[in-house]
Amino acid sequence: MIKFFLMVNKQGQTRLAKYYEHVEINKRTVLETEVLKSCLFRSNEQCSFIEFKDFKLVCRRYAALLIVVGVNDTENEMAIYEFIHNFVEVLDEYFSRVTELDIMFNLDKVHIILDEMVLNGCIVETNRARILAPLLILDKMSES
Amino acid sequence: MSDIVEKTLTALPGLFLQNQSVGGPAGVKASFSSRLGGLVRGITALTSKHEEEKLIQQELSNLKATVSAPATTLKMMKECMVRLIYCEMLGYDASFGYIHAIKLAQQGNLLEKRVGYLAVSLFLHENHELLLLLVNTVVKDLQSTNLVEVCMALTIVSQIFPREMIPAVLPLIEDKLQHSKEIIRRKAVLALYKFHLIAPNQVQHIHIKFRKALCDRDVGVMAASLHIYFRMIKENPSGYKDLTGSFVTILKQVVGGKLPVDFNYHSVPAPWLQIQLLRILGLLGKDDQRTSELMYDVLDESLRRAELNHNVTYGLKALTYVIQQDPTLALQHQMTIIECLDHPDPIIKRETLELLYRITNAQNITVIVQKMLEYLHQSKEEYIIVNLVGKIAELAEKYAPDNAWFIQTMNAVFSVGGDVMHPDIPNNFMRLLAEGFDDETEDQQLRLYAVQSYLTLLDVENVFYPQKFLQVMSWVLGEYYYLLDKDTPEEVLTKLYKLLMNASVSSETKAWLIAAVTKLTSQAHSSNIVERLIQEFTISLDTCMRQHAFELKHLRENVELMKSLLPVDKSCEDMVVDASLSFLDGFVAEELSQGAAPYKPHHQRQEEKLSQEKVLNFEPYGLSFSSSGFTGRQSPAGISLGSDISGNSAETGLKETNGLKLEGIKKLWGKEGYLPKKEGKTGDETEAPPVPQESIIMETVDQTLIKKDQCQVLTQSKEEKEKQLLASSLFVGLGSESTVNLLGKADTVSHKFRRKSKIKETKSGETTSAHNRTCFHFSSSSNATYEDDYYLDTLQDRGDKELNKLSLNSGLLDSESLTELPSVEKLSSCKLSSSPSLFTDNSMEGFQPSQSTALSVANETSLAASLLEETSEHMHSDLVEVCHNETISLSSFKIWKDDCLFMVWSVSNKSGLELESADLEIAPAENFKITEQPGCRLPIIEAESIKTFQYSVQVEKPFTEGNLSGFINYQMMDTHSVQLEFSVNLSLLDFIRPLKISTENFGKLWLSFANDVKQNIKVSESQAALPSALKTLQQKLRLHVVEIIGNEGLLACQLLPSIPCLLHFRVHGDVLALWFRSSCSTLPDCLLYQCQKVMEGS
């Protein structure tokens, strides 16, 4: 089970946050700060999986952007680690070379993509074409 | 590809400064002039938290104005929503916009609608009240002809949907399972998965459709159904064994590359799907050789094909799992493990230690524990310390090579683990010293070494040891200092005295210290230090210390008594004590004859005091003592000082033993008695069976590890040699010829310190009685009826037996409650019928074919008649249908027997055919013990007949809501077997029976119960009167009314089989003050809950 999905930049600013379990808004900020503390200063040498309280963090860094996924104990870390990359590949395809700004300006689209991939903390779709199909239709329709 | 991402992201600041549009075709469309652009720009330019707050507050007030302005178009609204999402993401409350998100989802065109739904899913949680407003929109969109809208609606339903509204959309979603587009079918399955998560009962009837989804021609739909199956199989693996073949076939196809190419991820065919399938197979094959055999082929294939890359910890984890099966495997990877041990990343280090922990044996213990201690000294995180300290202590106890090492290791554990470690550790350690093992001389050496080691430690100046460690030290020194064979304990007394005067020592520790001093004093009574200590503490402000000092003082006056009370090395022996305090009878009688008031227990006095002050608001007082009914009796304060005055030396002596015993024992045994030491391994073992998906990686890891090994051999340096040396010491004893047993089987390991089990039992008994004794000794000052008190306290021990007797003597159901039968029935039948609300008796005709209705009605009466023969003296609920299909109808009712809940399921065969091998099975439920009554297997159910299955249900511990589920299987002539599932709700009240006791017994029981709960509930005018409140409690909760005194009432009941619970209640205006007491800690709470429900409901 995925508990939350975070995208944070090097300065520690949240760029995307999606929770799959209800967390109060003020507790989210506290949680995010704590999570960042344990992820942000890890070198490439260090392991990408961090035990954090009673769950695990899987993080992966893309230039200045860090993606952290909180998962419960039964989740397979490797699966999540690769899933993050899959997500970035999808973004990359949709935005044709994704940048931090793309994510900021299209927060809604990024969320829509994520919603196609993860529901209720489960990975539900990983096929790139299928993930993007609904969004591309939406784009096409709103253009016309 | 990721290189590209990195490049572009690195270039971001530059691009941003140039203020040019970036991105591809779908890229950054929003212009910088837009509001959103403004916000984004503002956010990127932020430099401090303060600035952020200012910016967002400004933004929020702008947004507030915009969203509520009538001129705002939907397009603008969509943008506003994105901005609101931003604000909430940064941690600012934007709840004013929630309702607009719902509106947008309702009114917007496609993209606007999607953003509206998105905002709803981000803003609201499952139980948010606004969510109900979304239902209509969802229903509308589900029926839309536009597939995009249907998709959106399905997505939102699978994300967040109010449970109570599921029936409104369920049929629509079920229809979508047959849709021609795969995406709709897939999303419909996911929506059903959501329903299965939040309300499994409501989708029970569509299990057949799940199977269809599993066999869907589209991979996506099949994959979606796996989520549901994973959950269902996890709950009930035995129910889906027949699907093993299907899952194996699917996995075979996936692994064999039969899926469309776009499901590949970096040329691995659908890795996440493989993982999911492997997980399911893991659940199915667990503990089941036959099912597992079906999988071996495909697992082998998956392993062969798996080319996942790896991460070091992950490899270690896999290795840890493997090693549980075969420790020798670790031998191959020695050098890698050593590398990891020195890895700069603490997480990898810790995983390595975890692995080492599992390969520990008597030969490598010293090295491994040393490594663990090194790590322990570096880490600061509490969780890690607690975990590691526990492991070290466990290993040390199991494999300690010699006494010195054991004591030193434990010293390290205590100094580092300090006050965060699990209390079992010091307790086990002390017990181990006290109980010893088979060899007496060995025991003495160990104890002696401990004493010496602690004396040395206490010699060091300016070192602060954790409180727990000091407690252990004081206990050991007190008990075993005599082993040193010194003439006087002056030296150690000096040290203890110094600690006692130390301000940083907690008062709990001081109690341990003074207990040690007392023990030592009995060995050498003339000591200046003891004298000084007594002087110092008899005027201490700490009443506990003062009491101890007084006790010590009096004991010193009678050396013989002191020696017999504090025998040397007898901490494990039982001590005979006259717990009834019969020797005081004369004294009591004398005092009573001189007109002294009879003794009243503490809280009785409190209560009387309260009732006198009733005119005032007594709430604050009520709270102050409701928290623990025992405090009064345990508080040593003035009371025991008073007893000293009596000058009865025997009595004081007794007190002293009790006091001491408590000090030494308290931590070892909890209130409930001796707490058996948990086998530390069990937790680890549960995760032991390796899950298949781990094994995929195992192989690759192994390969890489081997590669690394080879590299290392080539470049061997001096450092390497050191490492190899370390390796040889770490992995010693792991070879195949090793005599050490496999790890993970804790019980087969030969423990270094084997305990004598018999002592545990006697000891636990002793503690309880010691515990009881304290109760007397504090009350001894007052002139009282001690006999009674004794009776009470032993009653607590024998509670069960006594109660059984009580209930035997008096029939459980008094005639009063029998006459109230209908209302009780109603209550429970509501419960029964609550799952499918359709199935109440009134509507029965509505869904049954008329012919069978007549039949079932007829049968129902005959059934009732037949059952009534045996149940006539018991109350029972109405017959309620729990499930049915065209052939059979299954109904159930409850009979509230005296000793158990009796559930009867009656199957009526509505068809004209015989049913064969009908079998009803109730799933084992936690907390419930279900016993099938004999003669329930029915090979055949004849046409149009009714058969019953009977089960008796017992409950293990109090609960609030319970549920029994099961299924019925039958086979019709020449057809396949059919299975129907059902579930029945159980209420705590099903297990509550009146307890008929006298007021006198009530009083006694009341005092003996430690767990109480107090609560005031407001009731309506009509209920405020005592009689009506009483009636409600008697009828609906099945309480027995013991006595009514003025506006107070005493009631009693018991939870089957025999946990009594007492209720004292008082009506005060429109407030009902309830006070429950029971010998069980959770029962009062649960009953209070039921009581509130009943009082509010009526």
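Trainee: How many salt bridges does a search of the whole structure find over all chains?

Mentor: The search finds 32. This is a predicted model, in which local features need pLDDT of at least 70 and side-chain atom pairs count only at pLDDT 80 or more, while totals for chains, interfaces and linings use all residues. Residues are numbered from 1 along each chain as its sequence is written, chains are lettered from A and ligands numbered from 1 in the order in which they are written, and side-chain values use heavy atoms, with hydrogens and water left out.

Trainee: What makes E89(A) and R128(A) a salt bridge?

Mentor: The term requires a side-chain nitrogen of Lys or Arg within 4 Å of a carboxyl oxygen of Asp or Glu. The closest N and O atoms of E89(A) and R128(A) are 3.4 Å apart, so the pair meets the rule. E89(A) belongs to helix α2 and R128(A) to helix α5 (residues 128–143) of chain A, so the bridge ties together parts that are 39 residues apart in sequence. Here a helix is a DSSP run of H or I with at least four residues, a strand is a run of E with at least two, and both are numbered from the N terminus.

Trainee: Why is E89(A) called buried?

Mentor: Buried means under 20% relative accessible area, exposed means over 50%, and partly exposed lies in between (1.4 Å probe, protein chains only). E89(A) has 6%, and therefore counts as buried. Its partner R128(A), at 34%, is partly exposed.

Trainee: What is the extent of burial in chain A, and which elements does that chain contain?

Mentor: Of its 144 residues, 72% count as buried. Chain A has five helices and seven strands, in the order β-β-α-β-β-β-α-α-α-β-β-α from the N terminus.

Trainee: How many residues of chain A are in contact with chain B?

Mentor: Contact means heavy atoms within 4.5 Å. By that rule, 70 residues of chain A meet 82 residues of chain B. The area buried between the two chains is about 6900 Å², with 61% given by carbon and sulfur atoms. That value is the accessible area (1.4 Å probe) that two parts lose on being put together, summed over both.

Trainee: Which salt bridge is an example between the two chains, and how many are there?

Mentor: The count between chain A and chain B is six. One of them joins E116(A) to K187(B), whose closest N and O atoms are 3.1 Å apart. Helix α2 (residues 77–95) gives the most to the side of chain A that touches chain B, with twelve residues.

Trainee: How do you know that R231(B) and E235(B) are about one helical turn apart?

Mentor: Both lie in helix α13 (residues 219–235) of chain B and are four residues apart, which means a separation of about one turn. Their side chains meet in a salt bridge at 3.4 Å, N to O. R231(B), at 24%, is partly exposed, whereas E235(B), at 54%, is exposed.

Trainee: Where do E1000(B) and K1004(B) lie?

Mentor: They lie in helix α47 (residues 999–1008) of chain B, four residues apart, and their closest N and O atoms are 3.5 Å apart in a salt bridge. E1000(B) is exposed at 57%, while K1004(B) is buried at 15%.

Trainee: Which residues are joined into one network by salt bridges that share partners?

Mentor: The network joins E125(A) and R130(A) with E182(B), R186(B) and D218(B).
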